[in-house]
Amino acid sequence: LLRPGEKIKTPLLPEDARKLLQKDMAVAEKAVKVHVQVKLKQHQADALLSFTFNLGGGALGKSTLLKRVNALRHDQVPMEFLKWVRAGGRVIPGLVTRRTAEAEVYKVATR
């Protein structure tokens, strides 16, 4: 993600790409820590981090997905991921794939 004022040197070298990714992941990690009020297993946190990295902390904070997590309704969380597959009013196959993967990662931790 390029934020206002950020510039990418071309060509983008692997180390520079890694630094940009770490910076963006730190923002997502902070949002997950702020919004999630319960202890999570690593796989659950990973799934929520992927979701938040893609959609932002605001989406997580307003989501029913978060409400289910904080209510310890872990069995209901995977289906909540699958509600976030639209862009521009259309279901996007890539988002279906991504959300399905996140739901599966979350489920692994609940077994």
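Helix α1 (residues 14–35) and helix α2 (residues 42–55) have axes that come within 9 Å and cross at roughly 115 degrees. That puts α1 roughly perpendicular to α2. Keep in mind that this is a predicted model. Below is a quick tour of that helix pair, then the nonpolar core, and then a couple of buried residues in helix α5.

**How α1 meets α2**

- Two packed helices are described by the angle between their axes and the distance between the axes.
- For this pair, the crossing of α1 past α2 is right-handed.
- On the α1 side, the contact is made by L21, D24, M25, A28, E29, A31 and V32.
- On the α2 side, L48, L49, T52 and F53 make the contact.
- Sorted by class, the contact of α1 with α2 has eight nonpolar residues, plus one polar and two charged ones.

**The largest nonpolar core**

- The largest nonpolar core has 17 residues, and the members that touch the most others are V36, L48, L65, V69, F81 and Y106.
- Five helices, namely α1, α2, α4 (64–70), α5 and α6 (93–110), each supply at least two residues of this core.
- The biggest giver is α2, with four residues.
- L48 turns up twice in this picture: it is one of the α2 residues in contact with α1, and it is among the core members that touch the most others.

**V69, one of the core residues with the most partners**

- Not counting residues up to four places away in sequence, V69 touches V36, V38, L40, L48, H74, V77 and Y106.
- Of those partners, V36, L48 and Y106 are listed alongside V69 among the core members touching the most others.

**V77 in helix α5**

- V77 sits in helix α5.
- Is V77 buried or exposed? With a relative accessible area of 0%, V77 falls under the 20% cut-off, so it counts as buried.
- Leaving aside neighbours within four places in sequence, V77 is in contact with L65, R68, V69 and Y106.
- V77 and T64 are 13 residues apart in sequence, and their C-alpha atoms are 8.7 Å apart in space.

**E80, also in helix α5**

- E80 lies in helix α5, which covers residues 77–81.
- Charged or not, E80 has a relative accessible area of 3%, so this residue is buried too.
- Which residues does E80 contact, leaving aside its neighbours within four places in sequence? The partners are T64, L65 and R68.
- L65 and R68 are also contacts of V77, so to speak linking the two α5 residues to a common pair of partners.

Conventions. Residues are numbered from 1 along each chain as its sequence is written. This is a predicted model: local features need pLDDT of at least 70, side-chain atom pairs count only at pLDDT 80 or more; totals for chains, interfaces and linings use all residues. Side-chain values use heavy atoms; hydrogens and water are left out. Buried means under 20% relative accessible area, exposed over 50%, partly exposed in between (1.4 Å probe, protein chains only). Contact means heavy atoms within 4.5 Å. Axes are lines fitted to C-alpha atoms, for helices over the stretch in contact, and angles run from 0 to 180 degrees between N-to-C directions. Angles under 35 degrees count as roughly parallel, over 145 as roughly antiparallel, 65 to 115 as roughly perpendicular and the rest as oblique. A crossing is left-handed if the near helix is turned anticlockwise from the far one by less than a right angle, and right-handed if clockwise. A nonpolar core is a set of buried Ala, Val, Leu, Ile, Met, Phe, Trp, Tyr and Cys residues joined through side-chain atoms within 4.5 Å.
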